[in-house]
Amino acid sequence: MQDTSKQYDAVIEGCRSLFIKKMADYGAAWRILRLPSLTDQIFIKAQRIRQLQENVVQKVAEGEKSEFIGIINYSIMALIQLEKGVVETPDLNTKEATILYDKHLKATKELMMNKNHDYGEVWREMRVSSLTDLILQKLLRVKQIEDNKGKTLVSEGIDANYQDMINYAVFAMIHLG
């Protein structure tokens, strides 16, 4: 599992770097997005990955990796929105946003390490297409929970689903090299 931790960190390093650069370019404009809007952005990314996996012809040069990075970063933004709430105007500078990014990533990685221990790294035997399908399934679950005003009877909440999407996307990125 030590390799998994190092591989995970390497993937996240690239995602985090892009997040910080986009904060420099755009600021925290994403702070105005309501949760369903972030969920829809992740859905667009996951659907594009699925289309790339199924289509023979690709007309836009960006591949699966950039879309998985988008899923990771939008999911972390969603976790931050869950914690802080939506605002009318951006209220975070790059340093503050990065601290929150790191906080949610730490909790998400800890979850991955615990599940990875219990499941015996079975994800290594999975196909990237299956990881994509699991992300799409999680998105449909999140949409249903959002439609239910955040209420669940017996299921884990929205935050756990976003964390799982991050971890599945990281696993896919590790598979893609």
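This report describes the nonpolar core, the aromatic pairs and the salt bridges of a predicted model.

## Nonpolar core

The largest nonpolar core in the model contains 47 residues. Those with the most contacts inside this core are Trp30, Phe68, Ile72, Ile135 and Tyr162. At least two core residues come from each of helix 1 (2-26), helix 2 (35-54), helix 3 (64-84), helix 4 (94-119), helix 5 (128-147) and helix 6 (158-176). The most is given by helix 6, with 11 residues. In soluble globular proteins, nonpolar side chains tend to be buried together.

Isoleucine 135 can serve as an example of the packing. When its neighbours within four places in sequence are left aside, isoleucine 135 is in contact with Ala46, Phe68, Ile71, Met165, Tyr168 and Ala169.

## Aromatic pairs

Three aromatic pairs are found in a search of the whole structure. One of them is formed by phenylalanine 19 and tryptophan 30, with 6.2 Å centre to centre and 55 degrees between the planes, a tilted arrangement. Phenylalanine 19 belongs to helix 1 and tryptophan 30 to the loop between helix 1 and helix 2; the two are 11 residues apart. Both phenylalanine 19 and tryptophan 30 are buried. Together with Tyr101, Phe19 and Trp30 make up one aromatic cluster.

Tryptophan 123 and phenylalanine 171 form a stacked pair, because their ring centres are 4.1 Å apart and their planes are at 5 degrees. This pair links tryptophan 123, in the loop between helix 4 and helix 5, to phenylalanine 171 in helix 6, 48 residues apart. Tryptophan 123 has 4% relative accessibility and therefore counts as buried. Phenylalanine 171 is also buried, with a relative accessible area of 7%.

## Salt bridges between helix 1 and helix 4

The salt bridges number 14 in the model. In one of them, lysine 109 pairs with aspartate 9, and the closest N and O atoms are 2.8 Å apart. Lysine 109 is in helix 4 and aspartate 9 in helix 1, 100 residues apart. Lysine 109 is at 17% relative accessibility, so this charged residue counts as buried under the 20% cut-off. Its partner aspartate 9 is partly exposed, at a relative accessible area of 38%.

Aspartate 102 and arginine 16 also meet in a salt bridge, at 2.7 Å from N to O. Here aspartate 102 lies in helix 4 and arginine 16 in helix 1, 86 residues apart. Aspartate 102 is partly exposed, with a relative accessible area of 30%, and arginine 16 is partly exposed at 29%.

## Lysine 143 and a charged network

Lysine 143 takes part in a salt bridge with aspartate 40, at 3.5 Å from N to O. Aspartate 40 lies in helix 2 and lysine 143 in helix 5, so the bridge ties together parts that are 103 residues apart in sequence. Aspartate 40 is partly exposed, with a relative accessible area of 36%. Lysine 143 counts as partly exposed at 23% relative accessibility. Elsewhere, Lys115, Lys138, Glu156 and Asp164 are joined into one network by salt bridges that share partners.

Lysine 143 has an aromatic partner as well: its charged end sits over the ring of phenylalanine 43, 4.0 Å from the ring centre.

Conventions. Residues are numbered from 1 along each chain as its sequence is written. This is a predicted model: local features need pLDDT of at least 70, side-chain atom pairs count only at pLDDT 80 or more; totals for chains, interfaces and linings use all residues. Side-chain values use heavy atoms; hydrogens and water are left out. A nonpolar core is a set of buried Ala, Val, Leu, Ile, Met, Phe, Trp, Tyr and Cys residues joined through side-chain atoms within 4.5 Å. Buried means under 20% relative accessible area, exposed over 50%, partly exposed in between (1.4 Å probe, protein chains only). Helices (H or I, at least four residues) and strands (E, at least two) are DSSP runs, numbered from the N terminus. Contact means heavy atoms within 4.5 Å. Rings of Phe, Tyr and Trp (its six-membered ring) pair if their centres lie within 6.5 Å; planes under 30 degrees apart count as stacked, over 60 as edge-to-face and the rest as tilted. A charge sits over a ring if NZ of Lys or CZ of Arg is within 6 Å of the ring centre and within 35 degrees of the ring normal. A salt bridge is a side-chain nitrogen of Lys or Arg within 4 Å of a carboxyl oxygen of Asp or Glu.
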